[in-house]
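Biologist: I would like a close look at a single part of this model, taken slowly and set against the rest of the chain. Please begin just where the helix of interest ends, and work outward from there.

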Amino acid sequence: MSDIAKVDKKTYDYLMEEPPKRWARSCSPRRRYDMLTTNIIESMNSVLLEARELPILRMMDFIQVKLQRWFYERRSEVEGTFYDASCWVDEKLKKKIDLAFTLNFQFEELPCIHAIAAIEKRNIKKSNFCSHWYLKESWLKIYERQIHPVGYNGSWIVPESVKSQIVKPPDFKVPPGRRQKKRHIPATESSK
């Protein structure tokens, strides 16, 4: 953070408006989950390969339609489940039940295998012992919002203060040669 402050004080101030525990994994008081949540940009880049060559408005329409479809499909899937917790957590719990008599520790805010053994023995609902983040209600909240079409740009109501602003594209020099289509794999990451 001191390096960022040396380069750009405004950026440092902006980042410090929220406490680091809200945005820095290393400062978070809670455990992070073993799901990959930091790779959303690379996932979207792979989805947008076919849309990259489109004009910007067409690309935005493509992204909007793709997100609408994903949210609709996932919302329908969640509404149609009979699980109290997400399918992912239910599978995790089943695996832990199989390992109920081996040594393990609680990492994902799920009951440890010894607790699961006791829960199973008493025929209690396993989902009562999971973090609320894994329950169906939380899972459903992720996809509860709808993504609405923006409509024809002639029908948009744009305030004059915004219309009067001139926004130029960033300075960019096109490098020689053919543009790379696939992601560059850094040396720190092993290739498949």
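Modeller: This is a predicted model, and the place to begin is Asn123, which follows helix H7 and has a positive phi, near 55°. Helix H7 itself covers residues 113-121, and within this helix Ile113, Ile116 and Ile119 are buried. These three isoleucines lie on the same side of H7, because they cover an arc of only 110° around the axis. The spacing fits a general rule: an α-helix has 3.6 residues a turn, so residues three or four places apart point the same way.

One of these isoleucines leads into the interior of the model. Ile116 belongs to the largest nonpolar core, a set of eight residues in which it is joined by Ala85, Val89, Leu93, Leu110, Cys130, Tyr134 and Leu135. Leu135, another member of this core, touches Asp84, Ala85, Ser127 and Cys130 when residues up to four places away in sequence are not counted. A second core, separate from this one, has six residues, among them Met44, Leu48, Ala51 and Ile63.

Other residues of H7 are less covered than the buried isoleucines, and Ala115, which lies in this helix, is an example, since its relative accessibility of 28% makes it count as partly exposed. Glu120 is also partly exposed, with a relative accessible area of 34%, and the side chain of Glu120 meets that of Lys126 in a salt bridge, at 3.3 Å from N to O. Lys126, the partner in that pair, counts as partly exposed too, at 23% relative accessibility, a value to be read against the limit of 20% under which a residue is called buried. Lys126 can also be placed relative to Ala115: the two are 11 residues apart in sequence, and their C-alpha atoms are 9.5 Å apart in space.

The pair formed by Glu120 and Lys126 is one of three salt bridges that the structure holds. Another joins the side chains of Lys9 and Asp13, at 3.0 Å from N to O; these two residues are four apart in helix H2, which covers residues 9-16, and so they are separated by about one helical turn. Both ends of this pair are partly exposed, Lys9 at 47% relative accessibility and Asp13 with a relative accessible area of 36%. Glu160 and Lys163 also form a salt bridge, in which the closest N and O atoms are 3.8 Å apart. They lie three residues apart in helix H9 (residues 160-163), about one turn of the helix, and here Glu160 and Lys163 are both exposed.

As for the chain around H7, its secondary structure comes to nine helices and zero strands, with the elements running α-α-α-α-α-α-α-α-α from the N terminus on. Of its 192 residues, 19% count as buried, and Ile113, Ile116 and Ile119 of H7 are buried residues. Among the contacts in the chain with a separation of 6 or more, 50% are accounted for by residues 24 or more positions apart. The accessible surface of the chain comes to about 16400 Å², and carbon and sulfur atoms hold 58% of that area.

Terms used:
Residues numbered from 1 in each chain as written. Predicted model: local features only at pLDDT ≥ 70, side-chain atom pairs only at ≥ 80, totals over all residues. Heavy atoms only, no water. Buried < 20%, exposed > 50% of the residue type's maximum accessible area, 1.4 Å probe, protein only. Arc of directions from axis to C-beta. Salt bridge = Lys/Arg side-chain N within 4 Å of Asp/Glu carboxyl O. Core = buried A, V, L, I, M, F, W, Y, C linked by side-chain atoms within 4.5 Å. Contact = heavy atoms within 4.5 Å. Areas by Shrake-Rupley, 256 points an atom, 1.4 Å probe, with all protein chains shown as cover.
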